[in-house]
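Student: Got a minute to go through this one with me? I'd like to start with the basics and then pick at some side chains.

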Amino acid sequence: TMSVGIRNIGNYKYVDYDIGLYDSTRFMQSFGKGLDFTGYLMFKPLADFKEKIGDFRLGAGYNVGKYNISYNQYSFFAGYDYKKFHLKAEYAAADGYNGIYESRNSAEGFYTTLMYDITPKLTILGRYDVFDKNIYADNDTTNEYTVGLIYSPYKNIKFLLNYVTTHGQNQPSSNSILFATRFIL
């Protein structure tokens, strides 16, 4: 989601952090309806051995705020990079949420992504997502499986092409092809 606010990022040998205070409006639709705090803390316990065994990270995040409703979310994540191999995983839970959709529901989800750099500019990926949009309701869990390619012709430009198959307990299965671009200014 996109919000307007102030942010402080710190990167150190054994720990990184990212904290911010934001307007709780999403996608710049209307301002001043609430505040939002987001913070992430990441530990790099094997930083001294990064060159030999890879880059291993563990972290946690917290988001709390109010828009039309009060909400808070927490997450735990892990990441590992070794030469051309990359692994990312995250578990998140929410008591209400404010993103593309706003909800009072208690939700939870998990994802894991595996990536391999075929060349310095081309990466292949596989991803598994599971999301339960209301942990107190039956039959509303969605599973997604993704395979894709990331092409980075320049440092600040990426093109993504993904095939996604989605299976939900109370919805028909679907398949989609996603194409996205990312420009970092």
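Tutor: Sure. One term before we begin: a strand here is a DSSP run of E with at least two residues, numbered from the N terminus. Also keep in mind that this is a predicted model.

Student: Fine. Which strand is tyrosine 128 found in?

Tutor: Tyrosine 128 is in S8, the strand covering residues 122-132.

Student: And is tyrosine 128 buried, partly exposed or exposed?

Tutor: Its relative accessibility is 26%, so tyrosine 128 counts as partly exposed. The cut-offs behind that are under 20% for buried and over 50% for exposed.

Student: What is tyrosine 128 in contact with, leaving aside neighbours within four places in sequence?

Tutor: Two stretches turn up: Phe110, Tyr111 and Thr112, plus Asn143, Glu144 and Tyr145. Tyrosine 111 is 17 residues away along the chain, yet the two C-alpha atoms are separated by 5.5 Å. With asparagine 143 there's a side-chain to side-chain polar contact at 2.6 Å.

Student: Let's zoom out. How many helices and strands are there in the chain?

Tutor: One helix and 11 strands. Reading from the N terminus, the order is β-β-β-α-β-β-β-β-β-β-β-β.

Student: In what order do the strands sit in the sheet?

Tutor: They go S1-S2-S3-S4-S5-S6-S7-S8-S9-S10-S11, with antiparallel pairing, and the sheet is open. S1 (5-11) and S11 (171-183) are the edge strands; each has a single partner, so one side of each has no neighbour in the sheet. On average, neighbouring strands are turned by 10° against each other, ignoring direction.

Student: Remind me, what do strands of a sheet pair through?

Tutor: Backbone hydrogen bonds, and the pairing can be parallel or antiparallel.

Student: OK, now the pairing around S9. How many bridges join S8 to S9?

Tutor: There are 11 bridges between S8 and S9, running antiparallel. One position to look at is aspartate 132, which stands opposite threonine 141 in S9.

Student: And on the other side, how do S9 and S10 pair?

Tutor: Antiparallel, over 11 bridges. Glutamate 144 has threonine 166 in S10 as its bridge partner. S9 and S10 form a hairpin, with two residues between them.

Student: What about S10 to S11, how many bridges there?

Tutor: 11 bridges again join S10 (residues 157-168) to S11, and the two run antiparallel. Phenylalanine 159 sits opposite threonine 181 in S11.

Student: Switching to rings. How many aromatic pairs does a search of the whole structure find?

Tutor: Five. One of them brings us back to tyrosine 128: its ring centre is 5.2 Å from that of tyrosine 145 and the planes are at 40°, so the pair is tilted. This pair links strand S8 with strand S9 (residues 141-154), its two tyrosines being 17 residues apart. Tyrosine 145 is partly exposed, at 40% relative accessible area.

Student: Is the pair of phenylalanine 159 and phenylalanine 179 stacked or tilted?

Tutor: Stacked, with 6.3 Å centre to centre and 15° between the planes. Phenylalanine 159 in strand S10 and phenylalanine 179 in strand S11 are 20 residues apart, so that pair too links distant parts of the chain.

Student: Which of the three exposure classes do they fall in?

Tutor: Phenylalanine 159 is partly exposed at 28%, while phenylalanine 179 is exposed at 57%.

Student: New topic: arginine 57. Buried or exposed?

Tutor: Buried, with 12% relative accessibility. Arginine 57 is in strand S4 (residues 55-66).

Student: What does arginine 57 touch, not counting residues up to four places away in sequence?

Tutor: Met42, Phe43 and Lys44, along with Phe77, Ala78, Gly79, Tyr80 and Asp81. Separately, a polar atom of the arginine 57 side chain lies 3.1 Å from the backbone oxygen of aspartate 55.

Student: Last bit, the whole chain. What share of the residues is buried?

Tutor: Buried residues make up 35% of the 185. The chain exposes about 12100 Å², with 61% of that supplied by carbon and sulfur atoms.

Student: And what box do the C-alpha atoms fill?

Tutor: Roughly 50 × 40 × 30 Å, taken along the principal axes. As for contacts between residues at least 6 apart in sequence, 37% join residues at least 24 apart.

Conventions:
Residues are numbered from 1 along each chain as its sequence is written. This is a predicted model: local features need pLDDT of at least 70, side-chain atom pairs count only at pLDDT 80 or more; totals for chains, interfaces and linings use all residues. Side-chain values use heavy atoms; hydrogens and water are left out. Helices (H or I, at least four residues) and strands (E, at least two) are DSSP runs, numbered from the N terminus. Buried means under 20% relative accessible area, exposed over 50%, partly exposed in between (1.4 Å probe, protein chains only). Contact means heavy atoms within 4.5 Å. A polar contact is a pair of N or O atoms within 3.5 Å; within protein, one must be able to donate a hydrogen and the other to accept it, and residues adjacent in sequence count only if both atoms are side-chain atoms. Two strands pair if DSSP finds at least two bridges between them. Axes are lines fitted to C-alpha atoms, for helices over the stretch in contact, and angles run from 0 to 180 degrees between N-to-C directions. Accessible areas come from the Shrake-Rupley method with a 1.4 Å probe; for residues, only the protein chains shown count as cover. Rings of Phe, Tyr and Trp (its six-membered ring) pair if their centres lie within 6.5 Å; planes under 30 degrees apart count as stacked, over 60 as edge-to-face and the rest as tilted.
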